[in-house]
Amino acid sequence: MIAVGNYPISMVEEIGFRRVMKKAEPRYSVPGRIFFTTKVLPDIHSKCVAAIQNRIPMAKFLSFTTDIWTTKHSNESFISLTAHWLKDDFTYQHAPLSSSNFPGSHTGEAICQKIKSLLEQWKISKTRVHLILRDNAPNMVKGIENTGISPTGCFLHSLQLSIQDSLGSQRAIRYDLDE
């Protein structure tokens, strides 16, 4: 319920949830938030990592998507890396390899080092990497180019920027958007 509904883990400690669970199964004692964060989630994470580690070696070549974003609420930055590949029967496969905090300056060199570190962590050699799809920000372009892996800019990101520029150049539209 928590995972499917995307609720916070602290939900297990709320009185309404505990009342519902008590009615549903009076003999069951709902564990607290600490149990879920120190036992359940690490176990699930370990199983997911193991499953991905078993699937990745079967791929002859892999492509990747990556992005960096900053949250609006806490002003923290994150970087993600997702692997994409085809099985021998051409069935599309993908796996999120990382979504982690990315503090500090988002320089090309910092991005390069992070991507290289993630590939090493997952034991993926550069010879198996077909390409890395990234947005067209200059720091991302530089960062991926510095890895020595074929970078590809995202067409949809370019299209979005073009549309924003076009709309922003129209005074009437810009006025409506500012309201």
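This is a guided tour of a predicted model, taken as a series of selections in the viewer.

**The sheet as a whole**

Begin by selecting the strands. Five of them, ordered S3-S2-S1-S4-S5, make up an open sheet with mixed pairing. The edges are formed by S3 (92-101) and S5, each of which pairs on one side only. Between neighbouring strands of this sheet the average turn is 25°, with direction ignored. As general background, strands of a sheet pair through backbone hydrogen bonds, in either the parallel or the antiparallel sense. Both senses are visited below.

**The antiparallel side: S2 and S3**

Select residues 77-86, which are strand S2, together with S3; the two run antiparallel and are joined by 9 bridges. Two positions serve as landmarks along this pairing. Trp-85 has Gln-93 in S3 as its bridge partner, and Thr-82 stands opposite Pro-96 in S3.

Next, display helix H3, residues 33-55, which packs on the sheet and touches S2 and S3. The direction of H3 makes about 130° with that of S3.

Return to Thr-82, which has its place in strand S2. Is Thr-82 buried or exposed? Its relative accessibility is 18%, so Thr-82 counts as buried; the cut-off for buried is under 20%. Select its surroundings, leaving aside residues up to four places away in sequence: Thr-82 touches Ser-63, Phe-64 and Thr-65, and also Ala-95, Pro-96 and Leu-97. Of these contacts, Pro-96 has already appeared as the residue opposite Thr-82 in S3.

**Two loops with positive phi**

Follow S2 to its end. S2 and S3 form a hairpin with 5 residues between them. Within the loop between S2 and S3, select Phe-90. Phe-90 has a positive phi of about 70°, although it is not a glycine. For context, most residues other than glycine have a negative phi. The relative accessibility of Phe-90 is 65%, so this residue counts as exposed.

Now select Asn-75, in the loop between S1 and S2. Here too phi is positive in a residue other than glycine, with a value near 60° for Asn-75. Asn-75 is exposed, its relative accessible area being 62%.

**The parallel side: S1, S4 and S5**

Move to strand S1, residues 62-70, and strand S4, residues 129-134, which pair in the parallel sense over 4 bridges. A useful residue to label is Phe-64, whose bridge partner in S4 is Ile-132. Phe-64 was also among the residues touched by Thr-82.

From Ile-132, continue to the next strand: its bridge partner in S5 is Pro-151. S5 comprises residues 151-153 and pairs with S4 in the parallel sense over 3 bridges. How does the chain cross from S4 to S5? It passes through helix H5, residues 138-147, in a right-handed β-α-β crossover.

**The helix pair H4 and H5**

Keep H5 displayed and add helix H4, residues 108-121. In general, two packed helices are described by the angle between their axes and the distance between the axes. For H4 and H5 the angle is about 50°, and the axes are 7 Å apart. The two helices are therefore oblique to each other, and their crossing is right-handed.

To view the interface, select the contacting residues on each side:

- From H4, the contacting residues are Gly-108, Glu-109, Ile-111, Cys-112, Ile-115 and Lys-116.
- From H5, they are Asn-139, Met-140, Lys-142, Gly-143, Ile-144, Asn-146 and Thr-147.

Next, select Gly-148, in the loop between H5 and S5. Gly-148 is exposed, with 60% relative accessible area. Draw a distance from Gly-148 to Lys-116: 32 residues separate them in sequence, and their C-alpha atoms are 9.8 Å apart in space. Lys-116 is one of the H4 residues that meet H5.

**Last stop: Ile-163**

Finish at helix H6, residues 155-168, and select Ile-163 within it. Ile-163 is partly exposed, with a relative accessible area of 43%. A last distance to draw runs from Ile-163 to Pro-8: the two residues are 155 positions apart along the chain, and their C-alpha atoms are separated by 36 Å.

Definitions and conventions:
Residues numbered from 1 in each chain as written. Predicted model: local features only at pLDDT ≥ 70, side-chain atom pairs only at ≥ 80, totals over all residues. Heavy atoms only, no water. Pairing = 2+ DSSP bridges. Right-handed = clockwise from strand over helix to strand, strands pointing away. Buried < 20%, exposed > 50% of the residue type's maximum accessible area, 1.4 Å probe, protein only. Axes fitted to C-alpha atoms, helices over the stretch in contact; angles between N-to-C directions. Parallel < 35°, antiparallel > 145°, perpendicular 65-115°, else oblique. Left-handed = near helix turned anticlockwise from the far one by under 90°. Contact = heavy atoms within 4.5 Å.
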